[in-house]
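Thanks for coming. I will take a few minutes to walk through one structure, starting with the whole chain and ending with single residues.

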Amino acid sequence: MTSPSATEGTGMPSFSELRGQLWQAVSDVDETHAVALVRCAVEAHAAGSSPQKAAERVLLELVAPAQERVGVEWAANTVSIAQEHAATAIDERCISAVADACPAGLEPERGRVTVACVDGEWHALPARLVAEVLRLRGWHVDYLGAQVPAEHLVMYLHRRFSDAVLLSSSIPTYLPVAHTAISSCQTAGIPVLAGGAAFGPDGCYARLMQAHWAADAVDADAVLTRGLEGPAARAARLVDADLPHLGDQEYTMVRRTRRQLVKQTLADVEEGFPAMREYSEYQRERTAEDIDHIVNHLATALYVDDPALFTRFIVWTADVLTARGVPAYSLLPALGSLHRQLNDFPRSTGILTTARGALTAGRHA
């Protein structure tokens with residue numbers, strides 16, 4: 001492997017080469033080399049710019065792509081869950097190394113913000129990246145990490161005022177609790193800037209929940225710099241006020257009967273997918289978990305009234321299963337079972353029909 005001190009005319013490999021080197025170190029679970037590489041990259045590239053700009057570039061062009069690749073490789077079944085966790089731990093250590101190597105921006109503080117993940121969300125690395133980039137750009141950042149319940153977040157805000165709360169979530173099924181957190185923060189008088197894949201394409205679900213949206217760390221800085229509209233006009237509202245479609249009670253009924261839905265669907269899948277009869281107990285447990293994820297995503301799609309959320313999840317799940325030698329059509333009995341069980345719920349059956357159509361089209365047939 002090329003040393004991080006290797007030269008290429010200017011004394012440092014290109015960022016493209018550095019990305020390859022960092023991924024190799026992460027793949028080899030070589031934390032020492034990964035940390036040395038990002039530290040040397042900050043030092044070398046600071047010569048042509050400020051240390052803060054060099055550190056930001058390392059975070060966004062080296063560490064962030066490495067973490068994105070971890071997810072891609074897991075979905076493709078080329079790394080295990082244990083390897084994924086090890087890689088994420090190394091990427092977190094790299095972020096800490098960059099932060100330790102570079103002071104915050106020298107300009108006067110531009111304001112105070114609180115960065116947190118919604119309750120249940122344990123994918124904290126994207127939020128940590130945003131927090132460090134904002135810190136480098138002169139913001140005072142209170143970083144609270146993963147899985148912060150809304151009530152504890154609001155208690156914190158009462159003790160330490162923030163100009164804004166940045167809420168992060170990667171998993172769509174946490175959108176209902178994210179909505180509660182958004183409303184609670186706004187009721188406390190603090191505007192909310194949401195970010196993360198959970199909030200949908202171009203942040204459509206963040207806007208549905210009356211929150212501001214940022215696509216990434218640089219965009220978050222730009223939105224904060226422009227200023228966030230105060231939440232006074234939105235104070236003390238019920239979350240249902242943002243989503244009048246919840247009045248049909250379909251979301252509530254699916255959530256309340258989730259266990260029953262999963263149990264019956266598991267039985268129907270075994271009948272409609274005979275290969276499952278040969279599954280080990282471990283495989284059956286994983287199948288039950290997959291069905292539970294399907295029901296949770298269906299409920300979330302009902303919550304935001306968007307069939308595309310469920311369809312994206314089903315197509316992604318089909319790809320993940322295919323990479324693991326399980327045919328995509330094994331999902332069809334589950335969708336069929338849920339359709340029969342929810343036959344009296346028009347939004348639910350419409351969502352399931354749309355997803356089934358996507359699954360049976362093209363390469364998912």
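The radius of gyration here is taken over C-alpha atoms, and the rule for a globule is 2.2 Å times the number of residues to the power 0.38. For the 365 residues of this protein, that rule puts a compact globule near 21 Å, and the protein has 23 Å, which agrees. Along the principal axes, the C-alpha atoms fill a box of roughly 65 × 55 × 30 Å.

Before going on, some ground rules. This is a predicted model, where local features need pLDDT of at least 70 and side-chain atom pairs count only at pLDDT 80 or more, while totals for chains, interfaces and linings use all residues. Residues are numbered from 1 along each chain as its sequence is written, and side-chain values use heavy atoms, leaving out hydrogens and water.

Now the overall figures. Of the 365 residues, 49% count as buried; buried means under 20% relative accessible area, exposed means over 50%, and partly exposed is in between, with a 1.4 Å probe and protein chains only. The protein exposes about 16900 Å², and carbon and sulfur atoms supply 54% of that. Those areas come from the Shrake-Rupley method with a 1.4 Å probe, and for residues only the protein chains shown count as cover. Contact means heavy atoms within 4.5 Å. Among contacts between residues at least 6 apart in sequence, 73% join residues at least 24 apart.

Next, the secondary structure. There are 15 helices and five strands. These are DSSP runs numbered from the N terminus: helices are H or I with at least four residues, strands are E with at least two.

How are the five strands ordered in the sheet? The sheet is open, the order is β2-β1-β3-β4-β5, and the pairing is parallel. The edge strands are β2 (140–148) and β5 (212–213), each of which pairs on one side only. Two strands pair if DSSP finds at least two bridges between them.

Going across the sheet, six bridges join β1 (residues 112–118) to β2, and Ala116 has Gly145 in β2 as its bridge partner. Five bridges join β1 to β3, where Cys117 stands opposite Ser168. Between β3 (residues 164–168) and β4 there are four bridges. Here Leu166 stands opposite Leu193, and Ser168 has Gly195 in β4 as its bridge partner.

Are the residues of β3 buried or exposed? Five of its five residues are buried. Ala164, Leu166 and Ser168 point one way from β3, and Val165 and Leu167 point the other way. Strand β4 (residues 192–195) is described in similar terms: Val192 and Ala194 point one way, Leu193 and Gly195 the other, and all are buried.

Gly195 leads us to a helix. Asp219 sits in helix α9 (residues 217–226). Its C-alpha is 9.9 Å from that of Gly195, with the two positions 24 residues apart in sequence numbering. Asp219 counts as partly exposed because its relative accessible area is 25%. Leaving aside neighbours within four places in sequence, Asp219 is in contact with Trp213 and Ala214.

The last residue is Gly71, in helix α3 (residues 51–75). Gly71 has 35% relative accessibility, so it counts as partly exposed. Thr88 is 17 residues away along the chain, and the C-alpha atoms of Gly71 and Thr88 are separated by 9.6 Å.
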